[in-house]
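Morning, everyone. Please pull up the model on your screens, and we'll walk through a few packing details.

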Amino acid sequence: MDSIKITTVVFSSNKSLIEKAISNLNKISLVSDIVIVSDIKLLNINVIVTKHLLSGETIKQIIEKVSTRYALFIIGNRIVELNESSVEKILSEIQRLNAGLVYSDYFEKQSEESFRHSLVDYQLGSIRDDFDFGFCFMLDLDFVREYLPDFFSIEKGMKYSGLYDLRLIISRKSAICRIPEHLYSVQTTVDVLKTNKMFEYVDPKNRDTQIEMEQVVTHHLKEIDAFIDSADKKNVEFVDKFKWEVSVVIPVKNRVNTIMDAIQSALNQKADFNFNILVVDNNSEDGTSEIVKNISIEDKRVIHILPQRKDLGIGGCWNEAIFHSDCGKFVIQLDSDDLYSDQTTLQKIVDRFYDEKCAMVIGSYKLTDFKLNEIPPGLIDHREWTDENGHNNALRVNGLGAPRAFYTPIIREIKLPNVSYGEDYSVALAISRQYKVGRIYEPIYLCRRWEGNTDASLSIEKQNANNFYKDSLRTNEIIVRQEINRKKKS
């Protein structure tokens, strides 16, 4: 270890932060060189000046500039505090594991308090472009240099996805490992902690980034033989054995403040077919059950389902609905605190089923507050989906849009996992690999954001559990797709 030195590469657009990083790193004897990647020029500092800090060209310049085998990347406009022992630990682990990249948990320092911020383990399905490596990770550049032709094959002209491409290449050739220790500290603020990035990736202003990331992940799926050709999709032949054409499915638990609005939104629909509303009441205890019961007495289209099981998640509630005797030919989602945007939502969805012979239809929605005032970024239309490649690109993103609707015989075959996060994503992946998915890009749904949402103010532990679960869904889906491609070749 004594003879091994490393280079640190600091990505930042903040002069003060860069100076603090250099001061900290100069105290660590293992660091032989410091390279700054920035969009600002700094005197007497080794700087790669670039407008696009994470572009393919920038990554190429870094690899060419760094002479040591190992490089420690520090990314993000935060103050990262490292010490000799933490760098030594990271270095020893990348050698012990013979990994291409290692990262670790860290501490978040806010005012006088320090919080443990754990991350999740990397797996085959961790191909989302927002996978969290923290603010500090180490790469084996000897390994990276060996596979540079792979990188250069698609990096040309990439402004935003160079680092994403590089780590997917590493994942194809070597291990990416998490060190389950909190090895450094990051200074943060309350404002940063409260930043909601949930919808950042579908913000229209990030469209150029989306296109690049899709190109990178598509190349990756082809390289690991998990790419599905759109020509292999099957059309759906609809059967007419259902009493109801459509069932609106509303799983609900303790939503006394919103359930009446949701049901009324469904009842107000105008369509040239018959429909009902299956409200799966998951043991509500706040008066929700009484509201649903009273509405169902007044309007026989509302069917109040009270499951016997006490262990149901949202996916389990959906299964209760799709196997109910009154379930219609198509089932259409309506969350218990959301609304349809007007009286034509159901008609537009059903028309899309028949027009495109698809097994699933996904709409677009508008974000609003509880009083239906639009909030940023407004329309969420998931235009990253295309008929040609949406089913592959779906493995990169965390969601596909709403409302979601399914052809009942097919969703009955697949079923939803009995969870309350990712249940819809799971079946969307399974359906999209086999069948066409129809898309509606106009807002037909209102997603109301308020403090009662199930995804509001999640703890780090809950966010990690959710992210790891969705990564595991991607892992399983990639394995299934690889098997499909193996059988095609045999």
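One definition before we start: angles under 35 degrees count as roughly parallel. And a reminder: this is a predicted model.

Now the first helix pair. Take H9, residues 259-267, and H10, residues 288-298. Their axes are 10 Å apart, and the packing angle is about 25°. That is under the cut-off, so H9 and H10 are roughly parallel to each other. The crossing of H9 and H10 is right-handed.

Which residues in H9 and H10 meet? From H9, we have Ile259, Met260, Ile263 and Leu267. From H10, Thr288, Ile291, Val292 and Ile295. By class, the contact of H9 with H10 has 7 nonpolar residues, 1 polar and no charged.

Next, the second pair. Helix H15 runs over residues 423-432, and helix H16 over residues 460-489. Here the axes come within 10 Å and cross at roughly 15°. So H15 is roughly parallel to H16. The crossing of H15 and H16 is right-handed.

Who makes this contact? On the H15 side, look at Tyr425, Ser426, Leu429, Ala430 and Ser432. On the H16 side, find Lys470, Leu473, Arg474, Glu477 and Arg481. How many nonpolar, polar and charged residues does the contact of H15 with H16 have? There are 4 nonpolar, 2 polar and 4 charged. Set that beside the H9 contact with H10, where no charged residue takes part.

Let's move to the core. In soluble globular proteins, nonpolar side chains tend to be buried together. In this model, the largest nonpolar core has 145 residues. Phe73 and Leu82 have the most contacts inside that core.

Stay on Leu82 for a moment. Set aside its neighbours within four places in sequence. Leu82 is then in contact with Asn24, Leu25 and Ile28. Leu72, Ile74 and Val87 are also on the list for Leu82. So are Cys136, Leu183 and Tyr184.

Last stop, Ile4. Where does Ile4 lie? Ile4 sits in the segment before strand E1, which spans 6-11. Its relative accessibility is 23%, so Ile4 counts as partly exposed. Buried would need under 20%.

What does Ile4 touch? Leaving out residues up to four places away in sequence, Ile4 touches Leu30, Tyr70, Leu91 and Gln95. Look at Leu30 in particular. Ile4 and Leu30 are 26 residues apart along the chain, and their C-alpha atoms are separated by 7.2 Å.

That's the tour. Over to you for questions.

Definitions and conventions: Residues numbered from 1 in each chain as written. Predicted model: local features only at pLDDT ≥ 70, side-chain atom pairs only at ≥ 80, totals over all residues. Heavy atoms only, no water. Core = buried A, V, L, I, M, F, W, Y, C linked by side-chain atoms within 4.5 Å. Buried < 20%, exposed > 50% of the residue type's maximum accessible area, 1.4 Å probe, protein only. Contact = heavy atoms within 4.5 Å. Axes fitted to C-alpha atoms, helices over the stretch in contact; angles between N-to-C directions. Helix = DSSP H or I, 4+ residues; strand = E, 2+ residues; numbered from the N terminus. Parallel < 35°, antiparallel > 145°, perpendicular 65-115°, else oblique. Left-handed = near helix turned anticlockwise from the far one by under 90°. Nonpolar A, V, L, I, M, F, W, Y, C, P; charged D, E, K, R; others polar.
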